[in-house]
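Q: Please take a close look at one part of this model, the pairing of strands in a sheet. Please then relate that part to its surroundings.

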Amino acid sequence: MIEELGTTEQGDLVINLGPQHPSTHGVLHLVITLSGETIRKVEPHLGYIHRSIEKMCESLSYRQFIYVTSRMDYLSSHINNHGCALCVEKGLQIEIPERAKVIRVLMDELTRLASHQLWWGAMAMDVGALTPFFHAFRERESINDIMEETCGARLTMNYMVPGGVMADIHPNFQKKVKEFVRYFNTKIDEYDELVTDNIIFKSRMKGIGYLSPESAVSYGCTGPTARGSGVSCDIRKLYPYEVYGRVSFEEVIDGGGDCFARYNVRMQEMRQSVSIIEQLIDNIPEGEFQAKTKAVLKLPKGEFYSRVETARGEFGVYIISEGGTTPYRIKFRSPGFSNLSALDHMARGHKIGDLVAIMGTLDLVIPDIDR
Amino acid sequence: MLSIENITHSIDAWLNGKFSPTVVLLLESVIVGLCVIGLFAVLGLVLVLMERKVSAYMQVRLGPNRVGPAGTLQTVADTLKLAMKEGLTPDGADKLLFNLAPFLVIVVAMMILAPVAFAKGIQIWDINIGVLYITAISSLSVVGVLMAGWASNNKYSLLGAMRSGAQIVSYELSAGMSVISIVVLTGSLRISDIITSQQDGWWLFKGHIPAMISFIIFIIAVTAETNRAPFDLAEAESELTAGFHTEYSGMRFALFFLAEYVNVFIVCAIAATLFLGGWMPLHIGHWAGFNRVMDYIPSSLWFMGKTFFLIFVIMWFRWTFPRLRIDQLLNLEWKYLLPMSMVNLLLMTVISIEGWHF
Amino acid sequence: MAFLKKYISDVLGAARSLLKGMRLTGYYFTHHKEIITQQYPDNREEMKLPERFRGEVVMLHDARNEHACTGCTACELACPNGTIKIITKFETTPEGKKKKALDTFIYHLELCTMCNLCIEACPTDAIKMAQNFEHSVYDRSKLTKKLNNPGSKIREGVE
C-alpha cells in the first residue's frame, strides 16, 4: 500500500522515513508528506518490533514477568522493573525494607542518568554533531560498570524483585558512585560547552516543535516532553514512591514548549538526579535488602495499578489478578507511545531537519512504543 | 639545492633534447595527467585516514589501528573493498546520467587542479585568469551532484541534490567576493602573480582586518561549497540517509567520496594561495635574516603545511558543530556573509586604492 | 545604530559559542590520555569481569566430580523462557530406598536471558553464573549444553 503512494493529489511528495533510517533510532516508520522541504503531515506506522509483551506476561509468574519489561524501554529497564515490582508488592501488601528502598531509588536515578546521557548523544547526532555521542557514552560507561558490578548486567539487569532487590550492593558500590558523581559534575559542564551553548544548536532547537500545555495534556504526554511544555507531571513529586518523598529535589519545568525547552528539562534533570544520588549515597540504612516472600507469589483477586517516573515519562503497570500465580491481564502504560502521538502536531509546518530534531527531543525508544 | 623545480626543468630539458616540441608537449601532458591521477589516489587515501584519525581523537577514541602500522593501511583496505563491491544501478534510474555523474564530479575536481601552484615552479597551467578559472569551474561540480540526485530516481537523493544546488549557488557568491578582495589588492588574476605579491608577507597579515574577515568568510563559504559539515545538507545522514549518493555503491560511491576529499584539498589549497602565500615562506617585511632562514624550508613543504592546516580546521569544524537547517543555511549566506563580504570588499578597495596595506 | 550594534554583537556572540566548542574538541584532540578505548581482543588476558556478571549458567563440580543438584526442578520452574530442562532418574540408596536424582541438566544458552532467577531459586546453590561472555559458535546446536559432568554424582549430605 505504501509503495503506491508517490505523490498526493496536491502534488506533495510522500516519503517513507524508516523503518530503516539513521534517525528513527530503531524500526519506527514515519510516512511524511512533504511540500518541498516543509512537512504537511507525519504518520507513524508502528508494530515493527511488537513482541506482544503484555500477552507474554499472562503466562509468566509474578517473579518472572519483571524481566520482560527490561526489554520494553531498554534504556530505563531498572525503572520499568521497579514499576512492576511495586505493583506486585501492592497486591501482596508487603512492606519492603528501608535499605531496599534506598538502593532502588539510587539505581533508578543512575538509570535515569545513563538514559539521559545516551539521549543527549543521540540528540546531538540527530542534529548533525557526531562527537557528543562518544562523549556521552564515555560517562554512560562508568554507570554501566557500576551496574555490572552490583546487578550483574549492563542494560537488562533484572535487579528488582518483588520484596526488594535481588542482591545486596557490591562493597565497592558507594565508592564507585561517589567517584562517578565527582567525575560527572565536571563533564556535564562540557556538555553545555559543546552542545547547549552552540549557536547552531540553539537556532536548530529554539521555536521548533511547539507543544502547548493544553495539547501536551490532551495527547497524554508525560515526562520531560510534558514538563518542557510547563505541565507538572513528575510522578516522583506528585505521587512519591519509595523514598522520593524524603529527598529534596526540584521538578524541572520549562514553559518554553519548544525543542530547546524539552532539551533543557532533560539537562537539568541530570543535575537533579546527581543531587538525589549525592543525598542518598551516604545514607543507605543497614538491614535486609529483601523482604521475606513466599516461594510462589499469588496476588489476591483484584486490580492493581502502580506508576513510576521513567526517563521518558510515566510508566504504569496495571495488573488484573484472578487469584492465581499468573496475572489474568497486564497492561503497560508506556510513555513513548503517548509522546509519539504528539509528533504530527509538533512537526507540521516545519522542515525535515526539524522533524529529526523534534523526534530527538521526544527521546523515543521504539520497543517501548510497540511493546 | 635540490628542489622539485630543478627536477621538472631537467626532465623538460632532457625531453627537448630527444624529441620534437609537439611530442614533448604530448609526453609532458601524459606525465602531468598521470601525476594528477596519482595525486588524487594519494590524497584520497591520506585525507580519509586523516579525517578518521582526527575524528577519533576528538571523540576520545583511537580510530583505525589494526591494518598496517598504526592503522595507516586502513584506507587502502577500504578502497580495495569498495573496488571489489558490486556497482549497482537501480532499476528506475536514468542509466546514462547515473553512471556519468561520479565521473563528472571527479573531472571537475581534476580541472580545478590546473592553476594551483604546488611549489615554486610546479604549476600545471599558469593561466592569466587563474582565479577566475577556479571560481568558474568549481561551480560546475553542482551539476554532477544534481545529476546524481536526479538520475537516482530516489526521493532522498532528489532532496539532497536540490539542497546542494541551492547551497552551492548561494555560497559561490561570498566565496567569489572574498577572492575578489584579494584580487583587488594584487591587481592580477594570475596565481603566480598573487603568490609573488606576498613576498614580503601574506595577505592575511598585510591586508588588515578586512583580509582576515574575507579569509574567515572564504573558509566558511568553501566549507559549504564542498558540502562538509556543518553544511553537509546534501548528505545529511540523520535526515536524508546519504542524500544525493544514497543509491551509489562500490567504486562509483568511492568516486564521490574521493571527489569530496579532493575538493576539500583544492579549496584549502586556494585559500592557502590567496591568503597565506601559497608556497611562499613566511616573510616579514624587510627582515632579511628571518626571511632567509624561512627560505631554507622547501616551498613544497610550505604549501602542503598550510593546506593541511586548513584541511585540519575544516575537519575540526565537522567534528564539533551540529548541522544547520536548510533555511538557516541560506539565511547565513544572504543575511550575514553576503552583506559582510560586500562591505568588506568596499573597505578592501579603499585600502588598496589608498595603499594602506603593508 | 542600535540595530548595527546588535547585529555585530550577535555575530561575535555566535563566533564565541562556536569557538568554545572547538576549544573542547581541540583539547581532546591534543590530550590522548583521555582516550578510553579498550583494545578488546588484545586485552583478553587482563580483562576482569565483576564476579556477579551473568555470562552463562554453569553447574559447580568439586574435585571428586560431585555436584549439589538434587534434581528438584526449582530452576526449571523459575525460568521464564524454558531455558532449563531437567531429566531425573531414580537411584537406589545403600539403604535400599529409591531416591530421585539428577540424570541430565540441559541448558539452552540460546534461549537464556541471564535474568538470574534460576540461581535465586536453587535451594542447594548447585548452579551459578559464570563470567564467560564469548558465546558465539558456528553451529546452533552447540549452544544446547549439558551442565552436569559425565559420571558426576550428587555430593554427600545434600538434600
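A: The account below begins with the sheet and moves outward to a chain contact, a nonpolar core and another chain.

Residues are numbered from 1 along each chain as its sequence is written, while chains are lettered from A and ligands numbered from 1 in the order in which they are written. The model is predicted, and local features therefore require pLDDT of at least 70 and side-chain atom pairs pLDDT 80 or more, whereas totals for chains, interfaces and linings use all residues.

In chain A, an open sheet is built from three strands in the order S1-S2-S3, with antiparallel pairing. Strands here are DSSP runs of E with at least two residues, helices are runs of H or I with at least four, and both are numbered from the N terminus; two strands pair if DSSP finds at least two bridges between them. Strands S1 (13-17) and S3 (38-45) of chain A each have a single partner strand and stand at the edges, so one side of each lacks a neighbour in the sheet. From one strand to the next, the twist averages 20 degrees (axes are lines fitted to C-alpha atoms, and angles run from 0 to 180 degrees between N-to-C directions). Strand S2 (residues 29-35) of chain A is joined to S3(A) by seven bridges, and the two run antiparallel. Within S3(A), Pro44(A) stands opposite Leu30(A).

Strand S1 also takes part in a contact between chains. There, 27 residues of chain A are in contact with 21 residues of chain B (C-beta atoms, placed from the backbone, within 7 Å). On the chain A side, at least two residues each come from S1 and from helices H4 (98-126), H5 (131-151), H7 (199-205) and H14 (352-362). The residues of that side comprise 13 nonpolar, eight polar and six charged (Ala, Val, Leu, Ile, Met, Phe, Trp, Tyr, Cys and Pro count as nonpolar, Asp, Glu, Lys and Arg as charged, and the others, Gly among them, as polar).

The largest nonpolar core has 227 residues, and those touching the most other members are Ile358(A), Ile266(B), Cys268(B), Ala271(B) and Cys118(C). Such a core is a set of buried Ala, Val, Leu, Ile, Met, Phe, Trp, Tyr and Cys residues joined through C-beta atoms within 7 Å, buried requiring 20 or more other C-beta atoms within 10 Å of a residue's own. Helix H12 (residues 250-275) of chain B gives the most to this core, 18 residues.

Chain C contains three helices and seven strands, and its C-alpha trace spans about 105 × 35 × 30 Å along the principal axes.

Key: Two residues are in contact if their C-beta atoms, placed from the backbone, lie within 7 Å. A residue is buried if 20 or more other C-beta atoms lie within 10 Å of its own, exposed if 12 or fewer, and partly exposed in between; C-beta atoms are placed from the backbone.
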